[in-house]
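Colleague: I should like a close look at a single part of this protein, followed by the side-chain links found elsewhere in the chain. Please set it out as one connected account.

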Amino acid sequence: MRSHRRRTLIRRGAPALLSAAALITGGLAVAAQSSAFATTTTASAATTTASTVHTRPLCSQPTKPGYMACQAVVRTDLTPQKSLGRHDTPKGFGPADLQAAYNLPKDGGKGATVAIVDANDDPNAEKDLAAYRSQYGLPECSTSNGCFKKTDQDGGTNYPAPDAGWAGEISLDVDMVSAACPQCHILLVEAKSANMDDLGAAVNQAVKQGAKYVSNSYGGGEEAADTQADDKYFKHPGVAITVSSGDSGYGTEYPAASQYVTAVGGTSLKKDSSTRGWSESVWGTSAGGEGAGSGCSQFDAKPSWQKDTDCAKRSVADVAAVADPATGLAVYDTYQASGWNVYGGTSASSPFIAGVYALAGAPGTGDVPASYPYAHPDKLNDVTDGSNGSCGNYLCKAGKGYDGPTGLGTPNGVAAFTK
């Protein structure tokens, strides 16, 4: 079977940075479909043949300079579930799975607002969120009870044109925030287009409205003007801004390369018989072309807290969470979609990590929260297996300590996400 073709990075005329399509190997044989995927014991893991899965990107590829693509993919080898029987559960991992895998508290984050920044409108965002939360027994999060708010990039209700791809991205984002932080409020800020300037204006609007945690699940090719965009849109001390590292394997995208954000890579996640009960490897293969993004920025300065040796400038990523669609997430999406699907991509890991930051508590007023995990690397699950390309070093290959595809590791509770 074959996976989706990698997206071409187009932004303000920047050349494509990465190679053409490649096959990606999922870290888990798709043998059973339930609320979680098949459990793999230590004994059987060595003999299990990893399988590829059919997927496609949710968002259209950019056709104009200056535009971004969302980082979400949908499993197309699984039949969407329009409705569930009395004893049925959605395919893919749900909140209880993720809370267990990452040792997260179930009742933190009260009063915190996590903002989601995406392009275009999802007319069904609130009702789809309600269905997801109801299915998993999470508290109501609606406009009426003050938990959910949707706004345009100017802070009003003149919502942009709907788009099915970005609507799926929005569903993934709000569901992943809900899974990480069920008590958090959610602010959805919809940019009028996928242009970086509109998306950046939406980031500023989210901060203006008081969000201390802002997730961005999109990216495009780097260019020299990124340092100006950094100061204009992402330099918000005291705000945890997370960005997907990319879905095209080894290679660096913007705004993940911004020195002011937490760049979030991706893993394959599966149950096992270890003490933790779960194991993770890099989402990707040594063939490259697909999987979590990583590498050295061409333009962004290296922040003081990064000490790796092979990048003179900013290194991507910082931390990671599940992103492999082969070990993907249950998401409810009905705008030109069929209800329950399994989604993946680093579009899943970015909002999830934003929710983890919210569980950890408000950042210090003048801090850049991207620095926090570097002060507490021992509080993360170190991912030491797998690669997303063949660069020949830690920038594409996992190992002990820091590596490009998974950064310092994945959450083990919230201690690594506070000062």
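The request and its answer follow.

Colleague: Please examine helix α7: how many residues does it have, how many of them are buried, and what does T346 touch? Please then turn to the salt bridges and the disulfides.

Modeller: The model is a predicted one, and what follows should be read on that footing.

Helix α7 covers residues 346–360, which makes 15 residues. From its first C-alpha to its last it reaches 21 Å, close to the 21 Å expected at 1.5 Å a residue. The helix is mostly covered, with 14 of the 15 residues buried. Just after α7 comes G361, whose phi is positive, at about 110°.

Within this helix, T346 deserves particular attention. T346 has its place in α7 and has a relative accessible area of 0%, so it counts as buried. A polar atom of the T346 side chain lies 3.2 Å from the backbone nitrogen of G246. Leaving aside residues up to four places away in sequence, T346 touches Q71, S244, S245, G246, D247, V264, G265, G266, W283, A292 and A323. G246 thus appears both in that list of contacts and as the residue whose backbone nitrogen faces the T346 side chain.

The loop that leads from α7 to α8 (372–375) brings in the salt bridges, since D367 is found there. Side chains of opposite charge can pair when their charged atoms come close. The search of the whole structure finds 7 salt bridges, and three of them are described here.

In one of these, the side chains of K419 and D367 meet, with 3.5 Å from N to O. This pair links distant parts of the chain, as K419 belongs to the segment after β19 (410–411) and D367 to the loop between α7 and α8, 52 residues apart. The two partners also differ in their exposure: K419 has a relative accessible area of 68% and is therefore exposed, whereas D367, at 14%, is buried. The limits behind these words are under 20% for buried and over 50% for exposed.

Another salt bridge brings together the side chains of R314 and D318, with an N to O distance of 2.8 Å. Here R314 is buried, and D318 is buried as well.

A further salt bridge is formed by R75 and D77, whose closest N and O atoms are 2.7 Å apart. R75 is buried, with a relative accessible area of 2%. D77, by contrast, has 28% relative accessibility and so counts as partly exposed.

The disulfides form the last part of this account. A disulfide is a covalent bond between the sulfur atoms of two cysteines. The count for this structure comes to 5 disulfides. When the bonded cysteines of the protein are numbered in sequence order, the pairing reads 1-2, 3-4, 5-6, 7-8, 9-10. Three of these links are taken up below.

C141 and C147 are joined with their sulfur atoms 2.0 Å apart. The angle about the S-S bond is -85°, and the link of C141 and C147 is left-handed. C141 is buried, with a relative accessible area of 4%, and C147 is buried too, at 7%.

A second link described here runs from C296 to C311, with an S to S distance of 1.8 Å. The link of C296 and C311 is left-handed, with -85° about the S-S bond. This disulfide connects distant parts of the chain: C296 stands in strand β13 (residues 291–296), while C311 is in the loop between β13 and β14 (315–316), 15 residues apart. With a relative accessible area of 27%, C296 is partly exposed, whereas C311, at 3%, is buried.

The remaining link described here joins C391 to C396, with an S to S distance of 2.3 Å. The torsion about its S-S bond is about -105°, so the disulfide of C391 and C396 is left-handed. C391 is partly exposed, with a relative accessible area of 27%, while C396 is buried, with 2%.

To return to the part that was asked about, α7 is a helix of 15 residues, of which 14 are buried. T346 in this helix is itself buried, and its side chain has a polar atom 3.2 Å from the backbone nitrogen of G246.

Conventions. Residues numbered from 1 in each chain as written. Predicted model: local features only at pLDDT ≥ 70, side-chain atom pairs only at ≥ 80, totals over all residues. Heavy atoms only, no water. Helix = DSSP H or I, 4+ residues; strand = E, 2+ residues; numbered from the N terminus. Expected span 1.5 Å × (residues − 1). Buried < 20%, exposed > 50% of the residue type's maximum accessible area, 1.4 Å probe, protein only. Salt bridge = Lys/Arg side-chain N within 4 Å of Asp/Glu carboxyl O. Polar contact = N/O pair within 3.5 Å; in protein donor to acceptor, adjacent residues only side chain to side chain. Contact = heavy atoms within 4.5 Å. Disulfide = S-S within 2.5 Å.
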